[in-house]
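Here is a guided walk through a two-chain model, going from the contact between the chains to the packing of individual helices. Keep the viewer open and follow along.

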Amino acid sequence: MAPPDTNPDVSAIAAAPALTEWHLDLQAEGARRDEAVAHLHGLLLRAARFEVFRRRNSLLQISAAELDDLAQQAADDAAVSVLRRLDDFRGESNFRTWAYKFALLEASVKVRRRAWRDREVTLEPEHWESLAHAGPGPDDDAENAALLEAVREGIRSALTPRQRQVLVATVLEGVPIDVLAERLGSNRNALYKVLHDARRRLREHVAAAGFPEATR
Amino acid sequence: MTGRDLDPTLMRLLGGDEPELDCDECFAQLDRYVELELRGAPADALVPGLRAHLVGCPACAEEHESLRALLELDSVS
């Protein structure tokens, strides 16, 4: 697949002079709307190809055709989202920028899920028990050891099972939050709230254990 | 030892204590934030909590980087 920034068709779309007003036709009818939707899809495909191309190194053994198919699917899904949420556009940015973010979201989620498609996600967290040396140097070994023990104890005792699961999977196992959400039947925003609460509880535990400065 | 001296893994485990947006709020503001950044405007002051969220959420951070990079590419196309 050619890099998206060298595709003459999509570059021409990005440089089109009427970008500030054409989106109003998305709420029109008939041929005007069809033309605007086609234009929108071209922009979204440009963004999706850009994202898939940027993240292609995370996808092993994937053909150029599969990459482009991912981008096409992302553009299609983004178009549905954009058209459904047109009323959310408040003009606080260029419409093109607003639309791009939908395509980038769809493409990045698809790439992450594709990259983890055949990988197991461990949902029985134990890796935190092996948290290794985590300080700036050997002079701090005793302090680091005590801090690490406070963190381990916090993960063990201060978190709910769900908080422990999400924290360990996303931070220690490197599972992308979208992938974890898919496996758990949840969504990114809900899991991030779990992660946020887990971190807050862990900071409180570590501070109470004598390391308030480590949480600032 | 302050939070800034911590190993990156510990920093990701503990997170920061600044107020931050959630993922949906970040997505809602991302286009405005990136345009402010590219104009050299004080994006962090005008969209409080978004930067703190990007530090804590790798997925949203990737999408921020990509939107910024795509707009920069457009600006030279």
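How many residues of chain A are in contact with chain B, and how many of chain B with chain A? In this predicted model, 42 residues on the chain A side meet 33 residues on the chain B side. Seven helices of chain A each supply at least two residues to the side that touches chain B: α1 (8–14), α2, α4 (95–115), α5 (141–157), α6 (161–172), α7 (177–184) and α8 (188–208). The biggest giver is α8(A), with eight residues. By residue type, the side of chain A that touches chain B divides into 20 nonpolar, eight polar and 14 charged.

**The two chains**

Chain A has eight helices and zero strands, and its pattern along the sequence reads α-α-α-α-α-α-α-α. Of its 216 residues, 38% are buried. Among the contacts in chain A with a separation of 6 or more, 72% are between residues 24 or more positions apart.

Chain B has five helices and zero strands, in the order α-α-α-α-α. Buried residues account for 40% of its 77 residues. For contacts in chain B between residues at least 6 apart in sequence, the share joining residues at least 24 apart is 63%. The C-alpha trace of chain B spans about 45 × 20 × 20 Å along its principal axes.

**Three helix pairs**

The table sets out three packed pairs, two of them in chain A and one across the chains.

| Helix pair | Crossing angle | Axis separation |
|---|---|---|
| α2(A) and α3(A) | roughly 135° | within 8 Å |
| α5(A) and α8(A) | about 135° | 9 Å |
| α4(A) and α2(B) | about 125° | 9 Å |

Let's start with helix α2 (residues 30–54) and helix α3 (residues 64–84) of chain A, whose axes cross at roughly 135°. That angle makes α2(A) oblique to α3(A), and the crossing is right-handed. On the α2(A) side, the contact is made by A:L40, A:H41, A:L44, A:L45, A:A48, A:R49 and A:V52. On the α3(A) side, it is made by A:L67, A:L70, A:A71, A:Q72, A:A74, A:A75, A:A78, A:A79 and A:V82. The residues of this contact divide into 13 nonpolar, two polar and one charged.

Helix α3(A) deserves a second look. Which of its residues are buried? They are A:L70, A:A71, A:A74, A:A75, A:A78, A:A79 and A:V82. An α-helix has 3.6 residues a turn, so residues three or four places apart point the same way. The buried residues of α3(A) pack against α2 and α4 of chain A. The length of α3(A) also agrees with expectation, because its 21 residues should span 30 Å at 1.5 Å a residue and its end C-alpha atoms are 30 Å apart.

Next come α5(A) and α8(A), which pack at an angle of about 135° and are therefore oblique to each other. Their crossing is right-handed. A:A150, A:V151, A:G154 and A:I155 make the contact from α5(A), with A:L202, A:H205 and A:V206 from α8(A). Here the residues divide into five nonpolar, two polar and no charged.

The pair across the chains is α4(A) with helix α2 (residues 23–39) of chain B, packed at about 125°. These two helices are therefore oblique to each other, and they too make a crossing that is right-handed. From α4(A), the residues A:T97, A:W98, A:K101 and A:L105 meet B:F27, B:L30, B:D31, B:V34 and B:E35 of α2(B). This contact divides into five nonpolar, one polar and three charged residues.

**Helix α7 of chain A**

What covers the buried residues of α7(A)? The residues in question are A:I177, A:D178, A:V179, A:L180 and A:A181. Their cover includes α4, α6 and α8 of chain A, together with α5 (58–76) of chain B. Just after α7(A), A:G185 takes a positive phi of about 65°.

How values were computed:
Residues numbered from 1 in each chain as written. Chains lettered and ligands numbered in written order. Predicted model: local features only at pLDDT ≥ 70, side-chain atom pairs only at ≥ 80, totals over all residues. Axes fitted to C-alpha atoms, helices over the stretch in contact; angles between N-to-C directions. Helix = DSSP H or I, 4+ residues; strand = E, 2+ residues; numbered from the N terminus. Parallel < 35°, antiparallel > 145°, perpendicular 65-115°, else oblique. Left-handed = near helix turned anticlockwise from the far one by under 90°. Contact = placed C-beta atoms within 7 Å. Nonpolar A, V, L, I, M, F, W, Y, C, P; charged D, E, K, R; others polar. Buried ≥ 20, exposed ≤ 12 C-beta atoms within 10 Å, placed from the backbone. Expected span 1.5 Å × (residues − 1).
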